Amino acid sequence: MTKLRSVRRLLIGVTSGLAVLGLGALMSAQPGWSADKITLRYSAFGRSISVADLRQYAETGKPSAELDSFLKMIKPKDKESLTKTLNMKFPFTVTAVDKLLKTPMAEGLLAEIASATILPGREEVKALRGALLISASSKKGLGTMSMLESYPTPTMTVDLKRLLKKKKN
C-alpha cells in the first residue's frame, strides 16, 4: 500500500506541478520516443515548455529565459512546490511499478490523471503507463523528470481546465 501511495504522490505531484506552471502562463529529447515539450492548454490558449528546460531548472534551480517567463508569474511557494515535484524520485523496480499499475486503485488513479492529458486516439492512459514503466526501468529511475522524458510522444499536452477542475475535487 505504501508503494501505491508513492506512485499516487508522483502522479499527483506531476499534475500539480503542471497546474502551477499553467496558472503562471495564464496570468501573463528524442523525437518519437520521448517528450521534448509540454504544452499547457486552457480553452483556446496554449503555451509550450521544453522538458530540457525543466530538467535544467530541476538540477540547477536556474531557469532558462523561456521558463523564467512562467516562473515570474507564480508565487514563491508554488515555485518551491514545482522544484520539489520535479525532483521527486522513487526506488521502485519496473516489476514493482508494473504490478502496482495493474491494481484497480492505480488503474483508476491513472485514468483520472490521464483524463487531463490529450492524445490522438484517446491513448492517454497507455501513454502515462508506458512513461512510468520506461522511467522505472531507466538508469535515472522512477521520478518526475524521467517520467516526463519517457512520455512516448514528442509533446505531452495537458488540458489545464480539466486538470484544475480535478484538483479542486
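1. Helix H2 (residues 51-60) and helix H4 (residues 76-86) have axes that come within 9 Å and cross at roughly 100 degrees. Here axes are lines fitted to C-alpha atoms, for helices over the stretch in contact, and angles run from 0 to 180 degrees between N-to-C directions. The crossing makes H2 roughly perpendicular to H4; angles of 65 to 115 degrees count as roughly perpendicular, under 35 as roughly parallel, over 145 as roughly antiparallel and the rest as oblique. Helices (H or I, at least four residues) and strands (E, at least two) are DSSP runs, numbered from the N terminus.

2. The model is predicted, and local features need pLDDT of at least 70, side-chain atom pairs count only at pLDDT 80 or more, and totals for chains, interfaces and linings use all residues. Residues are numbered from 1 along each chain as its sequence is written, and side-chain values use heavy atoms, with hydrogens and water left out.

3. On the H2 side of the first pair, Leu54, Tyr57 and Ala58 meet Lys79, Leu82, Thr83 and Leu86 of H4, contact meaning heavy atoms within 4.5 Å. By class, this contact has five nonpolar, one polar and one charged residues. Ala, Val, Leu, Ile, Met, Phe, Trp, Tyr, Cys and Pro count as nonpolar, Asp, Glu, Lys and Arg as charged, and the others, Gly among them, as polar.

4. Leu71 lies in helix H3 (residues 65-71). With a relative accessibility of 2%, Leu71 counts as buried; the term means under 20% relative accessible area, with exposed over 50% and partly exposed in between (1.4 Å probe, protein chains only). Between the C-alpha atoms of Leu71 and Leu82, eleven residues apart along the chain, the separation is 9.7 Å.

5. For helix H5 (residues 94-101) and H7, the axes come within 8 Å and cross at roughly 160 degrees. That angle makes H5 roughly antiparallel to H7. The crossing of H5 past H7 is right-handed: a crossing is right-handed if the near helix is turned clockwise from the far one by less than a right angle, and left-handed if anticlockwise. Val94, Val97, Asp98 and Leu101 of H5 meet Arg129, Leu132, Leu133, Ala136 and Ser137 of H7. The residues of this contact divide into six nonpolar, one polar and two charged.

6. H7 (residues 124-137) also packs against helix H6 (residues 104-114), with axes that come within 9 Å and cross at roughly 115 degrees. H6 is thereby roughly perpendicular to H7, and the crossing is right-handed. Glu107, Leu110, Ala111, Ile113 and Ala114 of H6 make the contact with Glu124, Val125, Leu128, Arg129 and Leu132 of H7. By class, the contact has seven nonpolar, no polar and three charged residues.

7. Ala114, found in helix H6, is buried, with a relative accessible area of 2%. Leaving aside neighbours within four places in sequence, Ala114 is in contact with Glu124, Val125 and Leu128. The C-alpha atoms of Ala114 and Lys126, twelve residues apart along the chain, are separated by 8.8 Å.

8. The count of aromatic pairs comes to one. Rings of Phe, Tyr and Trp (its six-membered ring) pair if their centres lie within 6.5 Å; planes under 30 degrees apart count as stacked, over 60 as edge-to-face and the rest as tilted. The ring centres of Phe90 and Phe92 are 6.1 Å apart and their planes are at 10 degrees, so the pair is stacked. Both Phe90 and Phe92 are buried.
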